[in-house]
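Grab a pencil and work through the exercises below. Each one sets a task and then walks through a solution.

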Amino acid sequence: MTGDASTRGLTSLHHRDFRLLIIGKTFGWIALHMSMVAIAYQVYDRTGDVMNLAYIGLATFAPALITGYVADLFDRRLVLVVCYGVVFLGAVLLLIYTLSGIEAVWPVFLILTLEGTGRAFHLPAVNALVPNLVPKENLANAVAWHSTVNKVCQVSGPALGGVLYLAGPEIVYAVAAGGLVVAMFTTAMIRARTERGQRQPTTLSTLLAGIRYVYNKKIIFGAITLDMLVVLLGGVTALFPVFAKDILDAGAAGAGFLRSAMAGGALVSGIMLTQIALERSVGRILFGTVVIFGVSTIVFGLSEVYWVSLAAMAVLGAADMVSVNIRVTLLQIATPDEMRGRVSAVSSVFTGASNEIGEFRAGVMAAALGAVPAVIVGGVGSMIVAAVCWKTFPQLAKVERFDQEL
């Protein structure tokens, strides 16, 4: 599974605009993950109420259908710059909130709703922009690098945020704001433009075009549905402050390193995906990674030893990275350019939004049953979802190669 030169190595990074996108993403998303781990621990440490973690997950949810239309209608580069600007404003407001000494936590939920809106616009815009920055033959390599950078951010952001938190949460938000400024300027330097020559009116039919396209492409619909349900049931990140503080006795830095371990495993598999090409059994590999995800979640829920919990999260992250790479590559290859923003928006509704709703699910279930049962139920549910989707979407399991007719 070595692939040719266009699918591995540094191929996609030879393109200037793609490098600028990656640099901006690195600074911007490290900043985002720094602030997210800090605010979650800050709120739980202050209140001791696990339901507040559920509300954090709910607050970061934002409707995404119209965001995909925006990604198709306007210059995707400028959409990304605005997204980074919105998240920058959120970081500044979190800094002001912390310095003000306000005890109430409701302002946090309003700020995170603002940040969630920026994140919702970011996902379809960046996913739709990547194919515009590299030739088609380099797309799989570009997707692998972009996914890998996502995981780099998820490794270093929480770890850096957890360590800086020891000096005070306000330090985390100040540094995050600086990183987002770099992201805005770097992304603005991209030369590629993606304006549409003929703009469609903003109608319900236009906004729902992505849903219709995804539904008619059963392989893509199956991949997105599988990922959505697994994330919805198996997400555990919202409960990291609870496990770090109350079960593993690891503190704020420990909560950050739990996130980093998950992303670290993903980084390893992501780097491997930039050097090799999946040339057979793509569908079966996708389902296999979901089973590994579920088992790792159960191990994490049962563990009371910190290093075991770290290892479980690393394995979970590695499996999730392969799953994401397969799903995103299938999505991009099967979608025409004029539809990519809206189809990516559907994907963000199914998967991106399910992250936040999944965090809300985990928080509510932890408040009702306890953190450990909430995690175990999620892990078992993930494996049940894999079995059901295997039966429901047999075409997905039969996908052998990315270059076959979809």
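**Exercise 1. Count the salt bridges and place each one.**

Step 1. The count comes to two salt bridges, where a salt bridge is a side-chain nitrogen of Lys or Arg within 4 Å of a carboxyl oxygen of Asp or Glu. As background, side chains of opposite charge can pair when their charged atoms come close.

Before going on, a word on the model. It is predicted, so local features need pLDDT of at least 70 and side-chain atom pairs count only at pLDDT 80 or more, while totals for chains, interfaces and linings use all residues. Residues are numbered from 1 along each chain as its sequence is written, and side-chain values use heavy atoms, leaving out hydrogens and water.

Step 2. Take Asp17 and Arg16: their closest N and O atoms are 3.0 Å apart. Asp17 is buried, at 13% relative accessible area, and Arg16 is partly exposed at 27%. (Buried means under 20% relative accessible area, exposed over 50%, and partly exposed in between, with a 1.4 Å probe and protein chains only.)

Step 3. Now take Lys245 and Asp45, whose side chains meet at 3.1 Å, N to O. Lys245 sits in helix α11 and Asp45 in helix α1, so this pair ties together parts that are 200 residues apart in sequence. Lys245 is partly exposed at 31% relative accessible area, and Asp45 is partly exposed too, at 40%.

**Exercise 2. Describe the overall build of the protein.**

Step 1. Start with the secondary structure: there are 17 helices and zero strands. Helices (H or I, at least four residues) and strands (E, at least two) are DSSP runs, numbered from the N terminus.

Step 2. Next, look at burial: 59% of the 406 residues are buried.

Step 3. Then check the contacts, meaning heavy atoms within 4.5 Å. Of those between residues at least 6 apart in sequence, 87% join residues at least 24 apart.

Step 4. Finish with the surface. The accessible surface is about 15,500 Å², and carbon and sulfur atoms account for 69% of that. Such areas come from the Shrake-Rupley method with a 1.4 Å probe; for residues, only the protein chains shown count as cover.

**Exercise 3. Find the residues with the most partners in the largest nonpolar core.**

Step 1. Set the rule: a nonpolar core is a set of buried Ala, Val, Leu, Ile, Met, Phe, Trp, Tyr and Cys residues joined through side-chain atoms within 4.5 Å.

Step 2. The largest core has 108 residues, and Phe18, Leu21, Leu239 and Phe300 touch the most other members. Helix α1 (residues 16–47) gives this core its largest share, 16 residues.

Step 3. Zoom in on Phe300. Leaving aside residues up to four places away in sequence, Phe300 touches Val236, Phe240, Phe243, Leu258, Ser309, Ala312, Met313 and Val375.

**Exercise 4. Follow the chain through helix α11 and out the other end.**

Step 1. Helix α11 covers residues 240–247, and its buried residues are Phe240, Pro241, Val242, Phe243 and Ala244.

Step 2. What sign does phi take at Asp249, just after α11? Positive, at about 55°, although Asp249 is not a glycine.

Step 3. Asp249 is in the loop between α11 and α12. With a relative accessible area of 69%, Asp249 is exposed.

**Exercise 5. Look for disulfides, then for a nonpolar patch.**

Step 1. The structure holds zero disulfides, a disulfide being a pair of cysteine sulfur atoms within 2.5 Å. Cys83 is buried at 2% relative accessibility, and Cys153 is buried at 0%.

Step 2. On the outside, Ile23, Phe27 and Val182 make a nonpolar surface patch of about 220 Å². Patches are made of residues with over 30% relative accessible area and no salt bridge; like charges are joined within 9 Å, and nonpolar side chains (Val, Leu, Ile, Met, Phe, Trp, Tyr) within 5 Å.

Step 3. Val182 belongs to helix α7 (residues 169–188) and is partly exposed at 32% relative accessibility.

**Exercise 6. How far apart in space are Thr225 and Phe393, C-alpha to C-alpha?**

Step 1. Locate Thr225: it is in helix α10 (residues 218–234), and it is buried at 12% relative accessibility.

Step 2. Thr225 and Phe393 are 168 residues apart in sequence, with 9.7 Å between their C-alpha atoms.
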